[in-house]
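Biologist: I would like a close look at a single part of this protein, taken slowly and with its surroundings. Please work outward from one residue to the helix that holds it, and then to whatever that helix helps to build.

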Amino acid sequence: MDDKRNTLWQFIQFTITLVIALIILKINLSHFGSQLFGIWIMLAAVWGVGSALDFGFGISIIKYVAEFKKHDDLRLNSFLSSSFYVFAIVGIAIFILLNVVSFFLYFNDAIAIPYNFLKSAKKISFILGLAFYFQYLNIFFKSFFEGLSNFSISSKIAIVQNILLLIGVVLISIFKLSIVHLAITYLFCYFITLLLSLFIFIKYFSVYKINLKYFHFLEVKKIISFSFSVQTISIFSALI
């Protein structure tokens with residue numbers, strides 16, 4: 001029954017995400033115009049690379065949560081705490097790196113970003129960077145839920161996020177707000193999604209803890225060792 005429910009919710013998530021993405025694309029393109037929205041897509045793509053760069057850590061979490069959940073709650077707490085802080089630190093590193101990349105790759109190129117859009121583009125990029133960080137941390141919780149075979153939870157959270165984004169985009173179009181407001185909308189939606197994941201984790205999985213006192217370098221080593229085999233594929237896919 002659980003497998004059927006998980007499969008159903010994954011299908012629903014895929015369908016809703018696809019439909020909403022197409023609607024959002026159409027609304028934004030009509031509202032902002034091809035040039036300004038083209039700049040948005042270019043900057044969003046940079047942070048899209050960041051979101052894909054989990055270096056296989058997400059897969060590691062799914063694997064070890066599935067292994068430890070039946071045998072060793074204390075070991076799982078240590079693993080979860082260690083992997084969460086790894087995610088937090090790696091996310092900050094990627095945030096800094098991609099800000100530097102954006103500066104040299106786009107903000108000094110008048111062809112990529114004309115001067116009259118430069119100020120807005122810098123604001124957009126920074127706000128999308130913060131949104132990326134919230135989304136990056138949410139990869140941790142998504143992987144945890146899936147490690148417990150609760151794919152339906154991660155699918156429902158993704159659906160909520162997409163619906164919030166759609167509502168935000170529609171309101172921006174109706175009230176004729178700026179593209180900076182669009183970036184703030186993404187930041188808000190990803191923050192709410194992270195809070196929702198954290199709430200579900202605390203309320204329904206209270207047996208598991210994320211605490212600095214459980215942090216252990218051996219667990220970090222385990223994460224990195226397993227992830228190494230998929231890092232190259234992860235990076236290559238992200239760059240594409």
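Modeller: Leaving aside residues up to four places away in sequence, S152 touches R5, N6 and W9. This is a predicted model, and in it S152 is placed in helix 6, where its relative accessibility of 5% is under the 20% limit and S152 therefore counts as buried.

Further along helix 6 comes N162, which is also buried, with a relative accessible area of 12%. Its contacts, again without residues up to four places away in sequence, are T17 and I20. Both T17 and I20 fall within the span of helix 1, residues 2-32, and so do the R5, N6 and W9 that S152 touches.

L164, another residue of helix 6, has a relative accessibility of 26% and so counts as partly exposed. With residues up to four places away in sequence left out, L164 touches C189 and I192, and these two positions lie within the span of helix 7, residues 179-204. The C-alpha atoms of L164 and Y190 are 9.3 Å apart in space, although 26 residues separate the pair in sequence.

Helix 6 also has a partner that comes before it in the sequence. Two packed helices are described by the angle between their axes and the distance between the axes. For helix 5 (residues 115-147) and helix 6 (residues 151-174), the angle is about 150° and the axes are 7 Å apart. An angle over 145 degrees is counted as roughly antiparallel, and helix 5 and helix 6 are therefore roughly antiparallel to each other. On the helix 5 side the contact is made by Q135, N138, K142, F145 and E146, which meet F151, I153, S154, I157 and Q161 of helix 6. Sorted by class, the residues of this contact are four nonpolar, four polar and two charged.

Two residues of that contact, Q135 of helix 5 and Q161 of helix 6, lead on to the largest pocket, because both belong to the group of lining residues that lie nearest its centre, together with L165, Y186 and Y190. The lining of the largest pocket comes to 32 residues, and the space within the pocket is about 780 Å³. Which helices supply at least two residues each to this lining? They are helix 1, helix 2 (34-52), helix 5, helix 6 and helix 7, and among them helix 5 gives the most, with eight residues. By class, the lining has 19 nonpolar and 12 polar residues, with one charged residue besides.

Set in the whole protein, helix 6 is one of eight helices, and there are zero strands, so that the pattern read along the sequence is α-α-α-α-α-α-α-α. Of the 240 residues in the protein, 45% are buried, and S152 and N162 are among the buried ones. Among contacts with a separation of 6 or more, 86% are accounted for by residues 24 or more positions apart, and the contacts of S152 with R5, N6 and W9 are examples of such pairs.

How values were computed. Residues are numbered from 1 along each chain as its sequence is written. This is a predicted model: local features need pLDDT of at least 70, side-chain atom pairs count only at pLDDT 80 or more; totals for chains, interfaces and linings use all residues. Side-chain values use heavy atoms; hydrogens and water are left out. Axes are lines fitted to C-alpha atoms, for helices over the stretch in contact, and angles run from 0 to 180 degrees between N-to-C directions. Helices (H or I, at least four residues) and strands (E, at least two) are DSSP runs, numbered from the N terminus. Angles under 35 degrees count as roughly parallel, over 145 as roughly antiparallel, 65 to 115 as roughly perpendicular and the rest as oblique. Contact means heavy atoms within 4.5 Å. Ala, Val, Leu, Ile, Met, Phe, Trp, Tyr, Cys and Pro count as nonpolar, Asp, Glu, Lys and Arg as charged, and the others, Gly among them, as polar. On a 1 Å grid over the protein atoms alone, a cavity is a set of points where a 1.4 Å probe fits but cannot get out, and a pocket is an open set with protein on both sides within 12 Å along at least five of seven lines; lining residues have an atom within 4 Å of a point. Grid points are joined across faces, edges and corners, and a volume is the space filled by probe spheres set on the points. Buried means under 20% relative accessible area, exposed over 50%, partly exposed in between (1.4 Å probe, protein chains only).
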